[in-house]
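Q: Please show me how to read cavities, cores, sheets and backbone geometry in a structure.

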Amino acid sequence: MSRVRVRDRAAPPTLERPGVAWAVPGLLFFLVFAVAPMVGVLYLSLTHWDGLNPPEFTGLDNWSRFLGDSQVRQSTLATGVLLVGNIAVQAPISILLGVWAAGSQRNRAVLSAIFFLPLLLSTAATAIMWRQLLDPNFGLPSKFDWLFGSSNPLGTQQGAVACLVLVTSWQFIPFHSLLYQGAARSIPHTLYQAAEIDGAGRVRQFLHITLPQLRNTIITSTTFMVIGGLTAFDIVLLLTNGGPGTDTSILPFSMYQTAFRTYDYGYASAIASFLLLLATGASVLLTKLSGYDKMSSTLEGL
Amino acid sequence: MNRVSRRWFLTTAAAATLTVTAAGCGSSGSSTSSSATGSVDFWTLQDPTNSVQKTAVDSFNSTGKGKVSMSVIASDGYKDKLRTGMGSSKMPGMFFNWGGGSLNDFVKAGKLVTLDTALESHFLPSALAAGKVDGKLVGIPCRGTQPVFLFYNKKVFADAGVEPPKTYADLQNLVKVFKGKGITPFALAGNASSAWTELMWVEYLVDRLAGPELFDKIQGGDWTQWKDPAVLKTAQMIKELVDSGAFGKNFGSVSYGAGGTSTLLNKGKAAMVLMGSWEYAVQQGEAPDFAKSGLGYVAFPGVEGGKGDAANVVGNPTNYISVTTTAPKDTAAEFLKTTYSDSYVQGLIEKGEVPVTTNAKQLLAKASDPAYATFQFDLVSKAPSFTQSWDQALGLTLGTPLLTEIQKLFNGQSTPEQFVSAVSAIKK
């Protein structure tokens, strides 16, 4: 596979790449709003700060406490469980829905518009609506015994995790379907025509043409899910508030509690730094493992 | 090119960090010195009594003894805003608060002024305790009292042919009676944001078993008192209550208020609820007829063999106004006098509040429900001690983890023994 790359040195002097000065406005923004706060958080994680008195430098105290904190372990685990649960539920449904929506069936446009509705609601509205629906005394569980039995969805650990996955999926499947719809539409028809001549059925066409062609979209969509999952906060705050107990107290929620409920900004900064590392690591890993960074196209050779 | 940009990058990053850090610390310097008279910023919580406060502020401003400008702040995030404000150069001159531990940090940071003890004679002594930190008066009552007691559904009790509990044994017996009838004995809000309703049970049981002194010591800084046998006994009693179905099966996702515990009570799905005096106002909003004729109330029963007086009360003694070092002293001192004026007290009573001023009793006849108002006033004025809600008394730093542990106990995620050791470990 040979690709042509324009080399700086090969370019004539007049066509040299723009000077670094052009990047100054963008870089300045990035420095002030992204890099500086990050450095600030790293510094705060080395202090004890209650928000009233000046931060007190305590070295690695917060970090050694962090390593021995059972709540952090539980929060990390809960974050992981929610992340895996969300991807496992959302990815397959989004792909099927997206590919279906890319077709030209009757009523497709109308149904797609309906499927798309949940994305238009804010997370706060979604969470409050579902909390009412799932209320054990006045919501669905009190009316549909045959479905819920005597269980109390938001009151148990498994139930609360399942509810979070359900509600998040309900809200974000439309978004991911939209990505897949766009990607599926750009797959050349000739591929399917060729497959049909060769006698491939719809399932084989899906498995051997559609899915491989969607590879880059799958990576993009999964990256969104991973980053979204690591930073999910509003839905947990409003639907379960980390409960029951601390069962769904995922890392961002735990960070919020530490900073704004117990006013321990130093320790919260340590959690925030950990989250930053985790999210960066996950997205780098995802692009490396999937070969996404090679920037190859699925249309190569066509 | 590369090298230049990297160096430039590093310098700018360092400069930006310094600016941010410096801005963060800016507030820690000395505060503005107090002048004789002048304008005071007064932060208050958004609630139905704002109109009473506004009237007080307006009439004060017309006297020429200084000027007070009142900012009304929504209750969600009030504490966060206050905390941020107190750590910045935009510190208010006076502010509404919950007393107790919420003031601790501010006193330690030297942000509050000690108030004139001559003010004390105008208020009920049990309501003043939470306005003091280390014996110094830093908060003056500005609202009604909010004791916690048992509310019950009169019709459900009449149908079952039983009386409200006078002793803890009565209470245990009622659990059996109502459970047998398929009614939840006690509505309880156990979802993660309502753990404070579970805390009320812990507060009352500890008070009845060991007396108010135990928590006094804890609040005073002696965290080892959690190892007291009364705390373990309380945790065991809670476990028994939960296991015997006193709170039903679903409390883990029930929230407080309309659509939650209050609806359970007025629909007769639950017989009782342990709640603060504001429950009456909630019922009035949700089910006015029930509030008028169906809602009963009674003090929390005594526990047989316990050291605590059954007349003791827990809850929020009241809310307070505190004065910071930025406020002109004379203006603030003059303004605080309006909080026990007849017009202010009467305004509160008309809003359904039960003020904690000594002159309130004779004005209570003008309340919308004089019987309920008098019940509350007597409960508070006759109480040998009024323990402030623990989460408020301890402040959020200790109160938040405590609430989490209480929730785990109620949910059966930790045993009574684990509860005691987990709570003991909150402060090292």
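A: We can begin with the helices around the largest cavity. In chain A, helix H3 (70-101), helix H8 (157-185) and helix H12 (234-239) each supply at least two residues of the lining of the largest cavity. Helices (H or I, at least four residues) and strands (E, at least two) are DSSP runs, numbered from the N terminus. This is a predicted model, where local features need pLDDT of at least 70, side-chain atom pairs count only at pLDDT 80 or more, and totals for chains, interfaces and linings use all residues. Residues are numbered from 1 along each chain as its sequence is written, chains are lettered from A and ligands numbered from 1 in the order in which they are written, and side-chain values use heavy atoms, with hydrogens and water left out.

Q: Which helix gives the most to the lining of the largest cavity?
A: H3(A) does, with 4 residues.

Q: How is a cavity found, and how many of 30 Å³ or more does the structure hold?
A: Rolling a probe the size of a water molecule over the atoms shows where empty space is left. On a 1 Å grid over the protein atoms alone, a cavity is a set of points where a 1.4 Å probe fits but cannot get out, while a pocket is an open set with protein on both sides within 12 Å along at least five of seven lines; lining residues have an atom within 4 Å of a point. Grid points are joined across faces, edges and corners, and a volume is the space filled by probe spheres set on the points. Here there are 3 cavities of 30 Å³ or more, and the largest has a volume of about 70 Å³.

Q: What is the character of the lining of the largest cavity?
A: Ala, Val, Leu, Ile, Met, Phe, Trp, Tyr, Cys and Pro count as nonpolar, Asp, Glu, Lys and Arg as charged, and the others, Gly among them, as polar. The lining divides into 7 nonpolar, 4 polar and no charged residues. Among them are Leu82(A), Asn86(A), Thr168(A), Gly229(A) and Ile235(A).

Q: What is the volume of the second largest pocket, and what lines that pocket?
A: Its volume is about 810 Å³. There are 37 lining residues, and those closest to the centre are Phe247(B), Gly248(B), Lys249(B), Asn250(B) and Phe251(B). Helix H6 (140-143) of chain A and strand E8 (184-187) of chain B each supply at least two residues of this lining. By class, the lining of the second largest pocket has 13 nonpolar, 18 polar and 6 charged residues.

Q: How is a nonpolar core read, and which residues have the most contacts inside the largest?
A: A nonpolar core is a set of buried Ala, Val, Leu, Ile, Met, Phe, Trp, Tyr and Cys residues joined through side-chain atoms within 4.5 Å. Buried means under 20% relative accessible area, exposed over 50%, and partly exposed in between (1.4 Å probe, protein chains only). The largest core has 133 residues, and Trp201(B), Phe247(B) and Phe410(B) have the most contacts inside it. Helix H8 (residues 195-210) of chain B provides the largest share of this core, 10 residues. A second, separate core of 16 residues includes Trp130(A) and Ile235(A).

Q: What is Phe247(B) in contact with?
A: Contact means heavy atoms within 4.5 Å. Neighbours within four places in sequence aside, the partners of Phe247(B) include Phe186(B), Leu188(B), Trp201(B) and Phe410(B).

Q: Which strands pair with E7(B)?
A: Two strands pair if DSSP finds at least two bridges between them. E7(B) is joined antiparallel to strand E9 (residues 270-276) of chain B by 5 bridges, and Tyr152(B) stands opposite Met272(B) there. With strand E10 (residues 295-298) of chain B, E7(B) pairs in the antiparallel sense over 4 bridges. Strand E11 (residues 313-316) of chain B is also antiparallel to E7(B), with 2 bridges. In strand E7 (residues 146-153) of chain B, 8 of the 8 residues are buried, so the strand is largely enclosed by the rest of the structure.

Q: What should I check in the backbone?
A: Most residues other than glycine have a negative phi, and most peptide bonds are trans. The bond from Gly243(A) to Pro244(A) is cis, with omega near -5°. Asn241(A) has a positive phi of about 50° and is buried, with a relative accessible area of 17%. Tyr263(A) also has a positive phi, near 50°, and is buried at 6% relative accessible area.
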